[in-house]
Structure formats: structure tokens, C-alpha cells
Amino acid sequence: MKLLVTGGAGFIGSNFVSYVLANTDDEVVVLDKLTYAGRRENLAAHEGDPRFSFIHGAIEDRETVDRAIAGCDAIVNFAAESHVDRSIDEPDAFIQTDIFGTQVLLEASRAVDLPRYLQISTDEVYGSIDEGTFTEESPIDPSSPYSASKAGGDLLVQAYHRTYGTPALITRASNNYGPFHYPEKLIPLCILNAFAGDKLPVYGDGMQVRNWLYVEDHCSGIYTALTRGEVGEVYNIGGPDECPNIDVVKRIVELTGCDESLIEFVTDRPGHDVRYSLSSEKIRGLGWQAQTSFDEGLERTVQWYRDNEAWWSPIRSGDYLEYYKRQYGHALNT
Ligand code: NAD
Ligand code: TYD
């Protein structure tokens with residue numbers, strides 16, 4: 001296959017490109033706007049590979065999408081604004097990319113009768129669950145502008161499938177972590193702060209639970225759904241372990257050897273979902289299984305950040321520091 005991977009310069013997209021090039025004979029075309037979260041460096045290992053090419057552009061730009069889609073067999077759409085805290089501050093870009101951009105991709109797919117369209121979505125569209133586990137039948141009930149924009153994208157995919165017969169399907173994954181994760185999200189932010197001896201900010205009481213999925217396991221799940229899933233269906237891809245945030249941060253303290261006194265409880269996120277929990281039974285029926293426990297994956301992730309200062313050091317400057325100050329204010333002065 002020749003895959004159009006939109007958002008392929010971001011965290012999960014770039015890991016997926018590496019997964020595909022390493023494990024299949026497929027070709028990959030990446031289309032990416034290179035926002036603050038998208039980085040050509042994430043794809044550096046593939047420059048010069050004849051099965052890989054890159055187009056700089058936005059998914060909401062129909063002309064660029066038409067050019068990118070030519071000769072492709074499938075779209076795997078990772079492109080999104082992806083950070084909940086930024087969506088609370090400035091939701092506009094989330095609507096533009098996650099909803100409008102998705103619709104442009106669906107229209108372009110329809111125009112060329114693209115054989116397959118896979119929308120990469122999130123468990124956050126289901127909202128929060130105190131007890132039990134979300135299945136694909138659970139109602140959509142998003143809490144943040146981010147999760148609402150992702151739910152909007154999902155509903156458009158479903159509508160295009162039902163209305164126009166677009167051969168589209170959706171995967172919804174739980175929280176990812178691993179190499180190339182932009183350090184605004186909990187795990188990479190705390191790892192890099194721990195290295196620097198900066199505070200580790202924990203929202204509220206830190207008892208919120210996330211269902212952690214190592215990014216490589218997510219990539220194999222996406223490829224399974226792409227090649228073996230049924231169109232019109234949703235497939236959840238959940239991690240093997242659930243963990244309260246405070247335990248995640250304490251584990252990072254242990255792995256980095258920093259002082260536990262760096263942990264700082266800060267003002268909670270508005271509309272903070274208390275718990276995510278995802279059943280992966282349906283995609284396990286296609287032969288997928290998560291391979292990496294949270295303990296093992298977190299250890300590997302800390303080691304990756306130790307070994308890749310050249311990747312993260314330029315990020316922790318300029319715009320990032322401005323964002324950091326805006327988000328955490330003076331709560332984290334060390
Ligand atoms: P990310 O923010 O690291 O990467 C997003 C990528 O999309 C970047 O390369 C960015 O440049 C690109 N992009 C943004 N707007 C664009 C536009 N208008 N046109 C083209 N490219 C654009 O995000 P991520 O964590 O890699 O997430 C990828 C996808 O997976 C998203 O759709 C997200 O909702 C979903 N997801 C993420 C997680 C997670 O834990 N990170 C979990 C489940 C699902
Ligand atoms: P995050 O990595 O932003 O992912 P999401 O909001 O998509 O789940 O946050 C993971 C959890 O960690 C979430 O419950 C919010 C919490 N959190 C903190 O406690 N402190 C932080 O500085 C950040 C960024 C997140």
C-alpha cells in the first residue's frame with residue numbers, strides 16, 4: 001500500500017511512520033503543517049528512504065490534500081491539535097484542524113474513491129468513567145474543547161460512511177507515552193523537569209487515573225485496524241495498566257533519581273476527567289495485543305530522553321517557555 005499519513009511529524013504519527021517502514025513493504029507520504037508539535041527531526045531517520053516522502057501543508061487546504069492523496073491507497077489521519085490544556089486556553093485551532101480538517105480529508109477521499117480512511121481518535125471522546133470500562137458502544141460525552149473537537153471529527157467520519165459509503169473506520173486509543181513525545185504532556189514534562197531539578201506539577205490531588213499505552217503498541221494496533229478492521233466500525237486500543245497521576249510522577253522520581261520534594265500540587269485543570277478506562281476486547285479479536293507493561297515502557301522512555309538531549313534541548317526554549325509560564329505561572333519557580 002501507499003499510505004498518506006497526515007500529522008506524521010508529530011509524536012504518534014512519526015512513531016507510526018517508523019513502524020510501517022520497519023515492519024511492512026508499504027510506502028508512506030507524510031502531510032504535516034509542522035505546528036509547534038510537528039517536527040521534521042522526528043522523521044530524520046527516514047530522509048532519503050525511497051519509500052518515504054514529505055509534504056509540508058495543512059489538512060484543511062484542499063488543494064494540498066488533493067496533491068498528497070494522488071496514488072495513495074489509504075489515509076491514516078493523525079493530524080490534530082492534541083493538548084487539552086491548550087484547548088482550554090485557545091480552542092479555535094482545535095475546531096479548525098480536528099473538525100474542519102477532517103471533513104476536508106473525507107471530501108478529498110470521496111472525490112478519488114480512496115479504498116480506506118482511518119481516523120485516529122481518543123478515549124477522551126467518551127468522557128470520564130468512575131467505575132467499569134468504556135466499550136465502543138459507550139456514548140460520546142466529551143469534557144474539553146479538545147475531546148469535543150475529536151468527537152466532532154469522529155461523527156463526521158461516521159456520517160460519511162453512512163451517507164456516502166466512505167470506507168472509513170476509527171480507532172480510539174488511551175493515553176500514549178514513549179519516544180518523541182512533546183514535553184507539554186504529563187510524562188515527558190515530568191521527565192525533563194526531573195532531569196533539570198525543576199518542579200513536577202501535579203494537577204489537583206493527583207488521583208486522576210489514565211490507562212497508559214506504549215506508543216509502539218498503539219502503532220501495531222493502528223496497523224491491525226487498518227489492514228484487518230471493518231469499515232464503519234470503531235476499535236478501542238487501550239493500554240495494559242491504569243495508574244493514578246501521582247503514582248506515575250512518583251515512578252518518574254524513582255527512575256530519574258530526582259528528589260521527591262520536587263513534586264508540587266498545583267491548581268486543577270477545569271473540567272478535568274477523573275478516570276479513563278478502555279476495553280480493547282474488540283481489537284484483540286483481530287489478533288492485537290499490547291506487548292509493553294507500563295513499568296517497562298516508562299523505564300524505556302526515561303532512557304530515551306536521557307539518550308536524546310539533542311532532540312529535546314532545542315524544544316525547551318522560546319515558545320515552549322512562554323507556554324510553560326502561561327500554563328504554570330509562578331507556581332513552579334524553583
Ligand atoms: P501531536 O500534537 O504530537 O502531533 C500532531 C501532528 O499534527 C503534528 O505533527 C502537527 O504538526 C500536525 N498538525 C496539526 N495541525 C495540522 C493541520 N491542520 N494540518 C496538518 N498537520 C497538522 O499529537 P499526537 O499525540 O501524536 O496525536 C496524534 C493523534 O492521535 C491525534 O489525532 C490525537 O488526537 C490522537 N491521540 C493521541 C493520544 C495521546 O496520548 N497523545 C491518545 C489517543 C489519540
Ligand atoms: P496529559 O498528558 O495532558 O494527557 P490528557 O489530558 O490527554 O489525559 O495529562 C495526563 C494527566 O496528567 C491528566 O490527568 C492531567 C494530568 N497532568 C498533571 O497533573 N500535570 C501536568 O502538568 C499535566 C500536563 C497533566
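How many nonpolar, polar and charged residues does the shell around ligand 2 have? By class, the count comes to 7 nonpolar, 5 polar and 6 charged. Keep in mind that this is a predicted model. Two ligands are worth a look here, and the protein wraps up 97% of the 510 Å² of accessible area that ligand 2 would have on its own. For ligand 1, the covered share is 96% of 820 Å².

**Ligand 2: who's around it**

- There are 18 residues around ligand 2, and the ones that come nearest are Glu 124, Tyr 203, Arg 269, His 272 and Tyr 328.
- Ligand 2 sits between two domains, because domain 1 (2-176 + 214-237) and domain 2 (177-210 + 240-271 + 292-319) both give residues to its shell.

**Ligand 2: polar contacts and cover**

- On the backbone side, an N or O atom of Pro 201 lies 2.8 Å from a nitrogen atom of ligand 2.
- The side chain of Arg 210 has an N or O atom 2.9 Å from an oxygen atom of ligand 2.
- Asn 245 also joins in through its side chain, with an N or O atom 2.9 Å from an oxygen atom of ligand 2.
- With those contacts in view, here's the cover again: 97% of the ligand's 510 Å² of accessible area is taken up by the protein.
- As for secondary structure, α3 (84-89) and β8 (200-203) are the elements that give two or more residues to the shell around ligand 2.
- Of the elements, β8 gives the most, with 3 residues.

**Ligand 1: who's around it**

- Ligand 1 has 29 residues around it, with Asp 32, Glu 60, Ser 82, Tyr 146 and Lys 150 coming nearest.
- Sorted by class, this shell splits into 13 nonpolar, 12 polar and 4 charged residues.

**Ligand 1: polar contacts and cover**

- Tyr 146, one of the nearest residues, puts a side-chain N or O atom 2.6 Å from an oxygen atom of ligand 1.
- Glu 60, also among the nearest, has a side-chain N or O atom 2.8 Å from a nitrogen atom of ligand 1.
- Leu 34 works through its backbone instead, where a polar atom is 3.4 Å from an oxygen atom of ligand 1.
- Taken as a whole, the protein covers 96% of the 820 Å² of accessible area that ligand 1 has on its own.
- The elements that chip in two or more residues to this shell are α1 (11-23), β5 (116-122) and α5 (145-164).
- The top contributor to the shell around ligand 1 is β5, which gives 3 residues.

Conventions
Residues are numbered from 1 along each chain as its sequence is written. Chains are lettered from A and ligands numbered from 1 in the order in which they are written. This is a predicted model: local features need pLDDT of at least 70, side-chain atom pairs count only at pLDDT 80 or more; totals for chains, interfaces and linings use all residues. Side-chain values use heavy atoms; hydrogens and water are left out. A residue is near a molecule or strand if one of its heavy atoms lies within 4 Å of it. A polar contact is a pair of N or O atoms within 3.5 Å; within protein, one must be able to donate a hydrogen and the other to accept it, and residues adjacent in sequence count only if both atoms are side-chain atoms. Accessible areas come from the Shrake-Rupley method with a 1.4 Å probe; for residues, only the protein chains shown count as cover. Helices (H or I, at least four residues) and strands (E, at least two) are DSSP runs, numbered from the N terminus. Ala, Val, Leu, Ile, Met, Phe, Trp, Tyr, Cys and Pro count as nonpolar, Asp, Glu, Lys and Arg as charged, and the others, Gly among them, as polar. Domain bounds come from an automatic or database domain assignment.
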